[in-house]
Amino acid sequence: MNETIAIVGGTGHLGTAIARRLAKAGRRVVIGSRDAQRANQAALELGFGVTGTSNSAAAMVGDIIIVTVPFASQEATYLDIAPHAPGKIVVDTTVPLVPPKVMRVQLPPEGSAAQRAQRLLGDGVRVVSAFHNVAAHKLATDEEIACDVLVFGDDKAARVTVVRLVQELGLRGLHGGALANSAAAEALTSILIFINKTYSVDGAGIQVTGALVEPAG
Ligand SMILES: NC(=O)c1ccc[n+]([C@@H]2O[C@H](COP(=O)([O-])OP(=O)(O)OC[C@H]3O[C@@H](n4cnc5c(N)ncnc54)[C@H](OP(=O)(O)O)[C@@H]3O)[C@@H](O)[C@H]2O)c1
């Protein structure tokens with residue numbers, strides 16, 4: 001609970017929404033930006049418990065690093081923070097949307113953005129992926145959100161940590177299995193965007209049905 005959570009690309013829609021909820025839950029949060037000044041300003045607006053700096057400085061001080069940047073900038077961002085990632089949990093939130101066809105599933109050659117993150121960071125980093133299906137503008141409010149957060153990762157202990165972190169945000173985090181399975185949640189986002197447009201929904205989400213029993217450990 002004493003860890004510092006870094007949010008790289010934390011000035012954007014998803015990053016500020018996660019920062020706000022984490023700070024409200026009592027977490028120490030550092031948001032990063034390509035421009036430290038911009039991060040500082042965003043942190044001031046978020047207030048309590050949040051500070052701002054450059055992406056690499058945020059990654060350096062973060063015990064857990066959450067990366068919230070567009071797919072197009074995923075590679076450059078990971079190359080920037082890679083020196084500070086070994087041994088840490090890095091939570092990739094990237095949905096591999098390729099404009100203009102964002103309602104079409106277009107996964108990268110690695111199989112998923114999460115596996116791409118692992119390739120860019122190397123095996124010594126505990127990559128977990130999450131948050132693909134939750135709308136940032138809903139997360140930015142205090143309202144209850146009708147969306148489960150599927151969490152993927154090959155390192156089970158890291159996945160457990162992130163599932164708990166998701167719960168601190170007021171959402172239900174569910175284990176989705178291996179990092180390769182992230183492809184399913186990443187792909188689903190294009191379908192949710194299609195559903196939003198087709199059925200005039202404001203941020204469709206996903207929920208798993210059934211009486212789930214918490215796994216041991
Ligand atoms: N928005 C959602 O509802 C949502 C939901 C689930 C998952 N996601 C995923 O979460 C990630 C972030 O989404 P978002 O909507 O928060 O994105 P965003 O607001 O468009 O961008 C997030 C931040 O990324 C940085 N950035 C933008 N362009 C960049 C570039 N060319 N190079 C390096 N950094 C750049 C910017 O920070 P600085 O300019 O300060 O550096 C920006 O504030 C995406 O991969 C998205 O697919 C989004």
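In the predicted model, an oxygen atom of the ligand lies 3.4 Å from an N or O atom in the side chain of T93. Two further pairs involve the protein backbone. For G12, a backbone N or O atom is found 3.1 Å from a ligand oxygen atom. For A136, the distance between a backbone N or O atom and an oxygen atom of the ligand is 2.8 Å. On its own the ligand has 880 Å² of accessible area, and 75% of this area is covered by the protein.

The ligand occupies the space of the largest pocket. Around the ligand there are 21 residues, of which T11, L14, S33, R34 and V69 come nearest. Sorted by class, this shell comprises ten polar, nine nonpolar and two charged residues.

Charge pairing within the protein was also examined. Side chains of opposite charge can pair when their charged atoms come close. With a cut-off of 4 Å between a side-chain nitrogen of Lys or Arg and a carboxyl oxygen of Asp or Glu, the count of salt bridges is nine. One of these joins R20 and D142, with 2.6 Å between the closest N and O atoms. R20 belongs to helix α1 (residues 13–24), whereas D142 is located in the loop between α6 (136–139) and β7 (149–153), so the salt bridge ties together parts that are 122 residues apart in sequence.

How values were computed:
Residues numbered from 1 in each chain as written. Predicted model: local features only at pLDDT ≥ 70, side-chain atom pairs only at ≥ 80, totals over all residues. Heavy atoms only, no water. Near = heavy atom within 4 Å. Polar contact = N/O pair within 3.5 Å; in protein donor to acceptor, adjacent residues only side chain to side chain. Areas by Shrake-Rupley, 256 points an atom, 1.4 Å probe, with all protein chains shown as cover. 1 Å grid on protein atoms, 1.4 Å probe; cavity = no way out; pocket = protein on both sides within 12 Å on 5 of 7 lines; lining within 4 Å. Sits in = over half its atoms within 2 Å of the grid points. Nonpolar A, V, L, I, M, F, W, Y, C, P; charged D, E, K, R; others polar. Helix = DSSP H or I, 4+ residues; strand = E, 2+ residues; numbered from the N terminus.
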